[in-house]
Amino acid sequence: MQLREKFGRPLRLAVIGGGPDSWIGRMHRGAAEMDGWFRVTAGVLSSDPGRSRAAGVAMGLDPQRCYGTVPELLAGERLRQDGVDAVAIMTPNDTHYAYAAAALDAGLDVVGDKPVAHDFAQAQDLVRRTRAQQRLFAIAHGYSAYPMIRHARQLVRDGAIGPVRLVQVEYIQSGLATRVEDGPLTSRLRWIFDPARSGLALVMSAIGCHTQHLACFAAGANVTRVMADVGTLRPGRQVIDHVSALLEFEGGARGTFTVTQAAAGGENDIRLRVYGEAGMMDWSHREASYLKLAMQGEPVRTIGRGDPDLPTGILALGRTPRGHPEGLREAFANIYAEMAQERMARQLGEPVPDFPYPRIEDGAHTMAFIEACLASQACGGWVDVER
């Protein structure tokens, strides 16, 4: 709070995509403004200029800051004394790279949805632009910002379970368990089922990015090699809806990875288990406020968000006492809050906090991971992940 008082105002945020009726748009806007670190002040809310301006007005934005296109937004805000400090991008996958590059070149910080780019080369370019412009680039991997995932990461870093030996991660959904593509297609479904727009592999662009990042984040290590099975669970489908892979991490730990959107009955089921030399940790998205810690030869312990003996930094990530539910919006808000505090500290010349929110370098590793999985499927063996 003291940092925000010194800065004197919330950071001004422009949203690109995520109109009034968009689930992800409401998620980003609500998270950005939840703790007062950001205020949404401008936006491009639709690919149709007329609808974009009308949607911005309907959301309560200043009509002069409801823009029809991204170039119009960047040019208009550059001319204002109270121009935006950052943009949040939540548009179809094939636009992420171009919009992020333009925002960075305009001197703005970026919060980007995954995947950050179409491929590893584009992601590397965003890394270079971010560093050259001395900007911040956060990726909306909300699952990594749950308090108990942050605590799991800290326990690994502190050596509480010993050196990591095995990581198991999975993300199971059922949205594509039926032949959705054979029915009426909304504008969203049309771009999702177009491989040129949805990315190198649909399931990886949709949920695999989150899954890989979650494993690497908690384990504190990137993936160095993969052997993957990439394909479809629904016969005849033209886009990839399933990937399973064996992993090797920096330091030699092994892992398993499974993601699918075509498992009937699945319900956003995310599971992470990290095994060390002395014990293991188990986290499920269905019980996101709890982390199970099982040390070899000791009773299993359940750690809950809000437990009074948690480190101060972990406690600060929660907003309600233990037993009261919190969810994904609060996790998203942690990313926005950390990015804002880092930006304010830099501008004020204050000590810069070492926050672990997902950054563009993480996004580049994700794209390298996806490319390695596809290459492994093609050759039928292990493939190194490019660095």
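So, what is the order of the strands in the open sheet of 9 strands? Keep that in mind while I get the caveat out of the way: what we're looking at is a predicted model.

Okay, the answer. Going across that sheet, the strands run 13-12-11-10-6-9-8-7-14, and the pairing is mixed. The edges are strand 13, at 301-304, and strand 14, at 383-384. Each of those has a single partner strand, so one side of each has no neighbour in the sheet.

Let's go inside the sheet, to strands 6 and 9. Strand 6 covers residues 164-172, strand 9 covers residues 254-260, and the two run parallel, joined by 7 bridges. If you want a spot to click on, valine 167 sits opposite glycine 255 of strand 9. Packed on this sheet is helix 10, residues 202-219. Helix 10 touches strands 6, 7, 8, 9, 10 and 11, and its direction makes about 155° with that of strand 9.

Helix 10 also meets another helix. A quick reminder for those who don't do this every day: two packed helices are described by the angle between their axes and the distance between the axes. Here the partner is helix 7, residues 147-157; the two axes come within 7 Å and cross at roughly 45°. Helix 7 and helix 10 are therefore oblique to each other. On the helix 7 side, the contact uses Ile149, Arg150, Ala152, Arg153 and Val156, and on the helix 10 side Leu214, Phe217, Ala218 and Ala219. Sorted by class, that contact has 7 nonpolar residues, 2 charged ones and no polar ones.

Now the other sheet. This one is open too, with 5 strands in the order 2-1-3-4-5, and its pairing is parallel. Strand 2, at 38-44, and strand 5, at 137-139, stand at the edges; each has a single partner strand, so one side of each is left without a neighbour in the sheet. On average, neighbouring strands here are turned by 25° against each other, ignoring direction. Strand 4, residues 109-112, pairs with strand 5 in the parallel sense over 3 bridges. Glycine 112 is the residue that stands opposite isoleucine 139 in strand 5.

There are a couple of backbone details in this part of the chain. In the loop between strand 4 and helix 6 you'll find proline 115, and the peptide bond from lysine 114 to proline 115 is cis, with omega near -15°. Then, in the loop between helix 6 and strand 5, there's glutamine 134. Phi of glutamine 134 is near 55°, which is a positive value in a residue other than glycine.

Helix 6 itself, residues 120-133, packs with helix 13, residues 360-379: the axes come within 8 Å and cross at roughly 170°. That makes helix 6 roughly antiparallel to helix 13. The contact residues of helix 6 include Phe120, Leu126 and Val127, and those of helix 13 include Ile360, Ala364 and Met367. In total, the contact divides into 8 nonpolar, 2 polar and 3 charged residues.

Right, empty space. The largest pocket has a volume of about 1500 Å³. Which residues, out of the 48 that line it, lie nearest its centre? Those would be Ile24, Met90, Thr91, Arg188 and Trp191. Several elements give two or more residues to this lining, among them strand 1, helix 2, helix 8, helix 10 and helix 12. The lining comes out as 23 nonpolar, 19 polar and 6 charged residues.

The second largest pocket has about 560 Å³ of space. It is lined by 21 residues, and Arg150, Gly313, Leu317, Glu338 and Phe355 are the closest to its centre. Two or more lining residues come from each of helix 7, helix 11 and helix 12. Arg150 is one we've already met, in the contact between helix 7 and helix 10. By class, this lining has 9 nonpolar, 4 polar and 8 charged residues.

Last thing: the structure holds 3 cavities of 30 Å³ or more. There's about 50 Å³ of space in the largest cavity. Its lining includes Tyr146, Pro147, Arg305, Glu326 and Glu330, and divides into 4 nonpolar, 2 polar and 3 charged residues. That's my tour, thanks.

Conventions. Residues numbered from 1 in each chain as written. Predicted model: local features only at pLDDT ≥ 70, side-chain atom pairs only at ≥ 80, totals over all residues. Heavy atoms only, no water. 1 Å grid on protein atoms, 1.4 Å probe; cavity = no way out; pocket = protein on both sides within 12 Å on 5 of 7 lines; lining within 4 Å. Points joined across faces, edges and corners; volume = space filled by probe spheres on them. Nonpolar A, V, L, I, M, F, W, Y, C, P; charged D, E, K, R; others polar. Pairing = 2+ DSSP bridges. Helix = DSSP H or I, 4+ residues; strand = E, 2+ residues; numbered from the N terminus. Contact = heavy atoms within 4.5 Å. Axes fitted to C-alpha atoms, helices over the stretch in contact; angles between N-to-C directions. Parallel < 35°, antiparallel > 145°, perpendicular 65-115°, else oblique.
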